[in-house]
Amino acid sequence: MLKILTELDGVSGNEKAVSDFIISQVSYLSDDTIVDSMGNIIFFKKGKKNNNRKIAVFAHMDEVGLIVSDITDDGYIKFAKVGGIDDRILLTQRVRVGEKGIEGFVGIKAVHLQGNDERKKVVKTEDLYIDIGASDKEDAKKYVSKGDYISFVSEFTRLHDRRFKAKAVDDRAGCGVMMELMKDRYDADIYFCFTVQEEVGLRGAKVLTHRIEPDIAFILEATTASDTPFTPEHLYATSLGKGPVISLMDSGAYSDKELNDFVVRVATERGINFQYKLTSNGGNDSRAVQTEATGCRVCSISLPCRYIHSPVCVADGGDYDNMKKLIKAVLNDIDEFDNRNDGLGGEN
């Protein structure tokens, strides 16, 4: 499933191929399916017990990518970035352009033609182009138009010892986990929310949160693993192979301490490996879910991922399996979570 999900193209604002696939695979498991005007999907599953709390699980369908901004007279494609992409990873990348899936490559002036100063600088996006093999502008316009989305081409590849490489692990990993979760029915009512446009401002989650107004939300994500050369160990955010990641805070959200503690207790009791995120950089749909509408308790559970926001994300299959086990156990035990005496069904 993860292979199929990561190889689908779904740059922010163009998630339809991903959403169509998800709907085709799991809509039969839902008691009610809603696709809103932005393209968010809400699958509702009625709980086995009456419950006055709204529990939601979120994962975003979109990925970082590019968009066609212009076509030169010579038939080259100029582009802009969609989402947070490091300019340094773009050179010579293989890409797919538009609905026709035209393949091309990100190019730059040949090294032999560059001066010494040019070779020492990081090439900016505006100085790059995509070569689709067109002879001139009119030829290129037969296949490509301004506003076409551009996705990286990167096949899912299994690596040594259960690890794998793919594009869009952020956040097709969360989507894959949530699709597995939908196969079960839980005591509580659950809203399974697949969101759009997370990478460009959490836009889908903002709209969806106002629609649902959840009391408790779990955000399933991918997050930075920095256990790589030249990074001091004390600066590691997360590491591959140590289990799913529980965030304390990030640049836009504070995870609810009591909810985090509950998740940790469930993991400990079930013998499920987990780790804390040791930095607060980055952000995800937690910010929108926590602060929009009436506010919400949030907990982020993420898959550690090296080289995130690139075509060569590397993650660990064991971490992915433990992420599934953890959130499934949490949803099965959610009635045991002791809410504060705030009208949500629990007392201190």
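This passage walks through the fold, the sheets, the salt bridges and a few surface spots of a predicted model.

Starting with the overall picture, the protein has 9 helices and 17 strands. Its radius of gyration is 21 Å, close to the 20 Å that the globule rule gives for 348 residues, so the chain is as compact as a globular protein of that length. Measured out along the principal axes, the C-alpha trace spans about 70 × 45 × 35 Å. Buried residues account for 53% of the 348 residues. As for contacts with a separation of 6 or more, 75% of them involve residues 24 or more positions apart. The accessible surface adds up to about 15700 Å², and carbon and sulfur atoms own 48% of that.

Next come the sheets. One open sheet is built from 8 strands in the order S1-S2-S12-S3-S13-S16-S14-S15, and its pairing is mixed. Strand S1 (32–35) and strand S15 (275–276) sit at the edges with a single partner strand each, so one side of each has no neighbour in the sheet. Further in, strand S13 (residues 216–224) has 8 of its 9 residues buried, so the rest of the structure largely encloses it. On one flank, S13 pairs in the parallel sense with strand S3 (residues 55–60) over 4 bridges. Ile55 stands opposite Ile216 of S13 in that pairing, and Val57 has Phe218 in S13 as its bridge partner. With strand S16 (residues 297–305), S13 again runs parallel, this time joined by 9 bridges; here Glu221 stands opposite Ser302 in S16.

S16 also pairs with S14, but in the antiparallel sense and over 2 bridges. Ser302 turns up again in this pairing, as the bridge partner of Val245.

S3 is mostly covered too, with 6 of its 6 residues buried. Ile55, Val57 and Ala59 point one way from the strand, Ala56, Phe58 and His60 point the other way, and all are buried. Besides S13, S3 runs parallel to strand S12 (residues 190–195), to which 6 bridges join it. Phe58 has Cys193 in S12 as its bridge partner.

A second open sheet has 3 strands in the order S10-S11-S17, with antiparallel pairing. Its edge strands are strand S10 (157–158) and strand S17 (313–316), each of which pairs on one side only. Strand S11 (residues 163–166) and S17 share 4 bridges, and Lys165 has Val314 in S17 as its bridge partner.

On to the charged side chains. The structure holds 28 salt bridges. In one of them, the side chains of Asp9 and Arg96 meet at 2.7 Å, N to O. That pair links distant parts of the chain, 87 residues apart: Asp9 is in the loop between helix H1 (2–7) and helix H2 (16–26), and Arg96 is in strand S6. Both residues also belong to a network of salt bridges made by Asp9, Glu63, Arg96, Lys167 and Arg172.

Another pair is Asp31 and Arg185, whose side chains meet at 2.8 Å, N to O. This salt bridge spans 154 residues, from the loop between H2 and S1, where Asp31 lies, to the loop between helix H5 (169–181) and S12, where Arg185 lies. Asp31 counts as partly exposed at 42% relative accessibility, and Arg185 counts as partly exposed at 36%.

Arg297 and Glu258 form a salt bridge as well, with the closest N and O atoms 3.6 Å apart. Arg297 is in strand S16 and Glu258 in helix H7, so the pair ties together parts that are 39 residues apart in sequence. Arg297 is buried, with a relative accessible area of 6%, whereas Glu258 is partly exposed at 32%.

Finally, a look at the surface. Leu248, Met249, Tyr254, Tyr276 and Leu278 make a nonpolar patch of about 530 Å². Met249 lies in the loop between strand S14 (245–246) and helix H7 (257–270), and at 31% relative accessibility it counts as partly exposed. Elsewhere, Arg88 is found in the loop between strand S5 (77–82) and strand S6 (94–97) and is exposed, with a relative accessible area of 60%. The C-alpha atoms of Arg88 and Val122 are separated by 6.4 Å, although the two residues are 34 apart along the chain.

Technical notes:
Residues numbered from 1 in each chain as written. Predicted model: local features only at pLDDT ≥ 70, side-chain atom pairs only at ≥ 80, totals over all residues. Heavy atoms only, no water. Patch = residues over 30% accessible without salt bridge, like charges linked within 9 Å, V, L, I, M, F, W, Y side chains within 5 Å. Areas by Shrake-Rupley, 256 points an atom, 1.4 Å probe, with all protein chains shown as cover. Salt bridge = Lys/Arg side-chain N within 4 Å of Asp/Glu carboxyl O. Buried < 20%, exposed > 50% of the residue type's maximum accessible area, 1.4 Å probe, protein only. Rg over C-alpha atoms; globule rule 2.2 N^0.38 Å. Contact = heavy atoms within 4.5 Å. Pairing = 2+ DSSP bridges.
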